[in-house]
Amino acid sequence: MVSEDRAVRPTPSQVELDRRTFRKKQDTRSILISIVSTLIFAAVLGFLVVGSPGWAVVQEKFFNFEIGAEFFPRILKGLWLNVRVLFFAVIGVAIFGSLLAVARTLKGSVFTPIRLLAAAYTDIFRGLPVILVLYLVGYGIPGLQILPRMPEAFWGTIALILCYSAYVSEVLRAGIEAIHPSQRMAARSLGLTYYQTLRMVVFPQAIRKVTPALMNDFVSMQKDVGLISVLGAVDAIRAAQIAAATTYNSTPYVVAGILFILFSWPFIRLTDWYTARTQKREQVGGLV
Amino acid sequence: MAISLTRSTKSFAKRLGVGAMATVAALSMAACSNGSSGSTSEESGESEDIQAVEAENTSDADALPTVVPGKFTVATGEPAFSPWVENDDPASGEGLEAAVAYAVAEQLGFARENVVWIRTPFDTVISPGPKDFDVNLQQFSISEERLEAVDFSSPYYVTTQAIVSLEGNAGADAKTLADLKDVKFGVAVGSNGAAVIEEKVAPNQEIGVFNSNDDAVAALQAGQIDAIVTDLPTVLYLQAAVLDNGVVVGQFEPVEGDGDEFAFLLPKDSGLTAPVTAAVDALRADGTLDALAEKWIAEGAGAPVLK
């Protein structure tokens, strides 16, 4: 639209041209200042870190390439366990979280006990620290001896599903409740049942509304799979801890940290991209 | 290849009862401070000889490059547990490590009241930067790899790795190493246990690696693992005081040249390494260390060596 307008626009006045020159100058100046200030900041930071009396020691303790390379395969093998746990946990959370969200949004007084139960569940499990749930599930439930001995990762996955279903169900509930009642009314007046309305009209829109929040929970869970090590499973974090205890060097932690970042980075970017796209679509006309 | 785990067993076996123990510790500290103030008043009534001796000791100790001049700062675990420190109260001098620490302090010329106890988690030992302890004492075992990062005194105690299990568990009545093939083992992270199991048993199931022996105990009680491997004194303690139906399956032969020697850990290139080592050597030579080990640790009681 700018190019179309330009054809018919009269030549700007000298005052406007001066203004433009001034603005351009200001822009250049601010860019230069930001470059210089960034460089100075980096230099000061670098000087403080590298020039600090303990830098040589810190470098040796945290960025020791040899030790990092030596233990990399084991940490990577541990990360594979994290990936598998995440895979099953996501499936479990998707199912259980949806059921909880639906349970909390059920209308009708008959369903009061179910609503209350679901509300109590989300209250409890959003309040409990994940690591506590891991301890309680991982050391408590096996003691009941209902199931034969399962791998540590199995109980870790169960604990993660219990915790994250509570978060995810709240997000989904927010999405469901954000759907305008007219949508439901329209659907019901077309002859759809309550369940059909939920499945075909409400749920798809709700999920679309809360996708950024869901992806945020996903990224968060991606890190929390590292907590299963408290149950004795040798995942990436535990592998790094073993390596650190062997060498009295912290480089393995840095290696594990980098691997975790690399592992979650694609999803973080995807989330940001999706959020931006949704915002663009839903807020046509732009922000003020 | 065996995962080579060589940090000493930091087996905080008593964490299960932290609440109760904190109370006990607080009470016993109170009792202790009463006791010491009592003895001070007795001493003050006595001649100047003691004061003279103390003054001499202090001047010796002042020459040492300690973190706090004139004080000997000893770090231990939180909580510290039997038989290393009784009742989580190192200042009482009860328990092998508490007793050894006071014996070494005496050798170095520190009066008893100039020994200061602090608590450190494992990470503060390996993290770079200035340290707030002179020596750290929590069953750290000597290994070549660790000597790159920290200093050790000569050992004050030598142990072996042993297995504790529950009656009826797989391998609980094992007589040979071969009987342990199908046992699901658990160890504390950084302990020697995993390396020893890998080398001697090479079990069919992956070893569970826990944050501490307490977590391993919880897993054992929940039936998630069959047995725990840690140093012999801790195994005896777990069997006697922590586990119902606990069974000491046996102990491993010492691994050649690998850290079952517990020593004082010092910051790298500490000026105290030589004096502390000399003190430990002197205590070994005059039989004090053996006597203390005899007193605080039931030496190898009922733990057959598995071959």
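These questions and answers explain how labels are given to parts of a predicted model.

Residues are numbered from 1 along each chain as its sequence is written, chains are lettered from A and ligands numbered from 1 in the order in which they are written. In this predicted model local features need pLDDT of at least 70, side-chain atom pairs count only at pLDDT 80 or more, totals for chains, interfaces and linings use all residues, and side-chain values use heavy atoms, with hydrogens and water left out.

Q: Why is A:V201 called buried?
A: Buried means under 20% relative accessible area, exposed means over 50%, and partly exposed is in between (1.4 Å probe, protein chains only). A:V201 has 17% relative accessibility, so A:V201 counts as buried. The residue is found in helix α9 (residues 194–224) of chain A. Helices (H or I, at least four residues) and strands (E, at least two) are DSSP runs, numbered from the N terminus.

Q: What is A:V201 in contact with, leaving aside its neighbours within four places in sequence?
A: Contact means heavy atoms within 4.5 Å. By that rule A:V201 is in contact with A:Q183, A:A187, A:L192 and A:Q196. A further value concerns A:A186, 15 residues apart from A:V201 along the chain. The C-alpha atoms of these two are separated by 9.7 Å.

Q: What makes A:T271 count as buried?
A: Its relative accessibility is 9%, so A:T271 falls under the 20% limit. A:T271 sits in helix α11 of chain A. Its contacts, leaving aside neighbours within four places in sequence, are A:P212, A:M215, A:N216 and A:V219.

Q: Why is helix α7 of chain B called mostly covered?
A: The helix spans residues 213–221, and 8 of its 9 residues are buried. They are B:N213, B:D214, B:D215, B:A216, B:V217, B:A218, B:A219 and B:L220. The cover includes α6 (130–140) of chain A. From chain B it includes β5 (161–166), β6 (185–188), β7 (208–210), β8 (227–231) and α8 (232–242). Just after this helix, B:G223 takes a positive phi of about 80°.

Q: How do you know that A:R20 and A:E16 meet in a salt bridge?
A: A salt bridge is a side-chain nitrogen of Lys or Arg within 4 Å of a carboxyl oxygen of Asp or Glu. Here the N to O value is 3.0 Å, so the pair qualifies. A:R20 and A:E16 are 4 residues apart in helix α2 (residues 14–50) of chain A, so they are separated by about one helical turn. A:R20 counts as partly exposed, because its relative accessibility is 41%. The count comes to 12 salt bridges over all chains.

Q: What makes A:E170 and A:R104 a pair that ties parts together?
A: Their closest N and O atoms are 2.8 Å apart, which makes a salt bridge. A:E170 lies in helix α7 (residues 152–178) of chain A and A:R104 in helix α4 of chain A, so the pair ties together parts that are 66 residues apart in sequence. Both residues are buried.

Q: Why is the salt bridge of B:D226 and A:R149 said to join two chains?
A: The two side chains meet at 2.6 Å, N to O. B:D226 lies in the loop between α7 and β8 of chain B, and A:R149 in the loop between α6 and α7 of chain A, so the pair joins two chains. B:D226 is buried at 5% relative accessible area. A:R149 is partly exposed at 35%.

Q: What makes A:R208 partly exposed, and B:E144 exposed?
A: A:R208 has a relative accessible area of 48%, so it falls between the two limits. A:R208 is in helix α9 of chain A. B:E144 has 66%, so it is over the 50% limit. B:E144 is in helix α5 of chain B.
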